[in-house]
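This report describes aromatic contacts, the nonpolar core and a surface patch.

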Amino acid sequence: MNLDWEFIVESLPLYGEAMWLTLKIAFFAILFSLVVGLLCSTVLYYKVRGISGIIVAYIELSRNTPLLVQLYFLYYGFTKIGLHMSEMTCAIVGMTFLGGGYMAEAFRGGMEAVSKTQTESGLSLGLSKIQLARYVILPQAFAISVPSLGANAIFFAQGDFHCWRHCFIRSDECGKRPDRHVLQNNRIANSAGIGISRPAFTFVDTADVGGKEGAIC
């Protein structure tokens, strides 16, 4: 079988776009996931009444449901209540929702690894809980959690938390979200960014919706 080098050369710009798009979404998703994870792990560590149960439920939900299901729910489900999100926003929110649960567990493991002797020593010296967390617990917890946090971040960049985009037709060009038969009729071509080990995004050429050609970003 002969390779179509002309087609490959013409498709090279898509690889560049895929790479930058992957890195952009991964950057914001990792950043927001770290913030969400730190807040959730702090609540769990101090066992805040009334909130700990909600955080545990969120972590279990985020870690035990597929990202694709979460994205479909965000992009299509929220429209039923009048909340519309762009493709980029939906991808970042979905990956943050998923990644926050993993980051929370990584931070919590690091915080619980700090010995009680150090926390009790800090309290005996008159440190408040905030000072104890700032100067004793969090610095050590972060250092301990670096391997787990790094592994989660690599999963984001590699596309393990991949964002399938074949369902995201621009609403500003198509006027409405695609229905089932539109999605089934789309021509899909998998493409991955340079340096990305797995297909991180799915590009769709065009979709004829309501007499218009809706470009897939």
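Which residues form one aromatic cluster? F27, F28 and F32 do so. This is a predicted model, in which local features need pLDDT of at least 70 and side-chain atom pairs count only at pLDDT 80 or more, while totals for chains, interfaces and linings use all residues. Residues are numbered from 1 along each chain as its sequence is written, and side-chain values use heavy atoms, with hydrogens and water left out.

**Aromatic contacts.** Seven aromatic pairs are found in the whole structure (ring centres of Phe, Tyr or Trp, the last by its six-membered ring, within 6.5 Å). Y45 and Y46 are edge-to-face (planes over 60 degrees apart), because their ring centres are 5.1 Å apart and their planes stand at 90 degrees. The charged end of R63 sits over the ring of Y102, 4.8 Å from its centre (CZ of Arg within 6 Å of the ring centre and within 35 degrees of the ring normal).

**Nonpolar core.** The largest nonpolar core (buried nonpolar residues, under 20% relative accessible area, joined through side-chain atoms within 4.5 Å) has 21 residues. Of these, I25, L67, C90, M95, L149 and F156 touch the most other members. Two or more residues come from each of α1, α3 (67-77), α4 (87-113) and α6 (129-158); α4 gives the most, with eight residues.

**Surface.** L3, W5, F7, I8, V9, L12, L14 and Y15 make a nonpolar surface patch of about 800 Å². F7 lies in helix α1 (residues 5-45). The table lists accessibility classes (exposed over 50%, partly exposed from 20% to 50%).

| Residue | Relative accessibility | Class |
|---|---|---|
| F7 | 52% | exposed |
| Y46 | 30% | partly exposed |

Terms used: Patches are made of residues with over 30% relative accessible area and no salt bridge: like charges are joined within 9 Å, nonpolar side chains (Val, Leu, Ile, Met, Phe, Trp, Tyr) within 5 Å. Accessible areas come from the Shrake-Rupley method with a 1.4 Å probe; for residues, only the protein chains shown count as cover. A salt bridge is a side-chain nitrogen of Lys or Arg within 4 Å of a carboxyl oxygen of Asp or Glu. Helices (H or I, at least four residues) and strands (E, at least two) are DSSP runs, numbered from the N terminus. Buried means under 20% relative accessible area, exposed over 50%, partly exposed in between (1.4 Å probe, protein chains only). Rings of Phe, Tyr and Trp (its six-membered ring) pair if their centres lie within 6.5 Å; planes under 30 degrees apart count as stacked, over 60 as edge-to-face and the rest as tilted.
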